[in-house]
Amino acid sequence: MKKYKKKFLFDYIMGNDMGETDINELEKDPEFIIEVTDLSNDKNIYNLCDQKLKQNFRLMKFFILKFKDDKKIAKKVARDYIENS
């Protein structure tokens, strides 16, 4: 089940005004990052993740499975997870 509405995710992706929403807090939520990445198919969203978020097993697994055809991003995600955990 999705935690965030598509319009909310789309507004974030497009850089639209999100009112009083704390973007920094959203970007610390692995579920938010997963849903944004799933909707946008943008593997570069991984680069927005802080070191603590890169320790999240569920997020790491999602990125590796989502972009399994891109060995470069899969290796980077796995390496970051191992180094930061």
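**Exercise 1. Read along the sequence and work out which pattern the protein chain follows.**

Solution. Go from start to end and write one symbol per element: you get α-α-α-α-α. Keep in mind that this is a predicted model. Next, tally up: the protein chain has 5 helices and 0 strands.

**Exercise 2. Check the radius of gyration of the protein chain against that of a compact globule.**

Solution. Start with the chain length, 85 residues. For that length, a compact globule would have a radius of gyration near 12 Å. Now take the value for the protein chain, 13 Å, which agrees. To add the outline, look at the C-alpha trace: along its principal axes it spans about 35 × 25 × 25 Å. Then see how the chain comes together: of the contacts between residues at least 6 apart in sequence, 62% join residues at least 24 apart.

**Exercise 3. Find out what share of the residues is buried, and which residues touch the most other members of the largest nonpolar core.**

Solution. First, the share: 34% of the 85 residues count as buried. As a rule, nonpolar side chains in soluble globular proteins tend to be buried together. Here, the largest nonpolar core has 20 residues. Those touching the most other members are F32, I33, V36, L59, F63 and V77. Now ask where the core comes from: helix 1 (6–14), helix 3 (30–40), helix 4 (57–66) and helix 5 (71–84) each supply at least two residues. Finally, zoom in on F63. Leaving out residues up to four places away in sequence, F63 touches I33, T37, K43, I45, Y46 and V77.

**Exercise 4. Describe the surface and the charges of the protein chain.**

Solution. Begin with the accessible surface, which comes to about 5900 Å². Carbon and sulfur atoms account for 53% of that. Then count charged side chains: there are 18 positive and 16 negative ones. Last, compare where the two sets sit: their centres lie 7 Å apart.

**Exercise 5. Place N41 and Q51, and decide whether each is buried, partly exposed or exposed.**

Solution. Find N41 first: you'll see it in the loop between helix 3 and helix 4. Its relative accessible area is 48%, so N41 is partly exposed. Check its backbone too: N41 has a positive phi of about 55°, although it is not a glycine.

Move on to Q51, which is in the loop between helix 3 and helix 4. With a relative accessible area of 44%, Q51 is partly exposed. One more step: Q51 and Y81 are 30 residues apart in sequence, but C-alpha to C-alpha they are 8.9 Å apart in space.

Methods: Residues numbered from 1 in each chain as written. Predicted model: local features only at pLDDT ≥ 70, side-chain atom pairs only at ≥ 80, totals over all residues. Heavy atoms only, no water. Core = buried A, V, L, I, M, F, W, Y, C linked by side-chain atoms within 4.5 Å. Buried < 20%, exposed > 50% of the residue type's maximum accessible area, 1.4 Å probe, protein only. Helix = DSSP H or I, 4+ residues; strand = E, 2+ residues; numbered from the N terminus. Contact = heavy atoms within 4.5 Å. Rg over C-alpha atoms; globule rule 2.2 N^0.38 Å. Areas by Shrake-Rupley, 256 points an atom, 1.4 Å probe, with all protein chains shown as cover. Lys, Arg positive; Asp, Glu negative; His and termini not counted. Charge placed at Lys NZ, Arg CZ, Asp CG, Glu CD.
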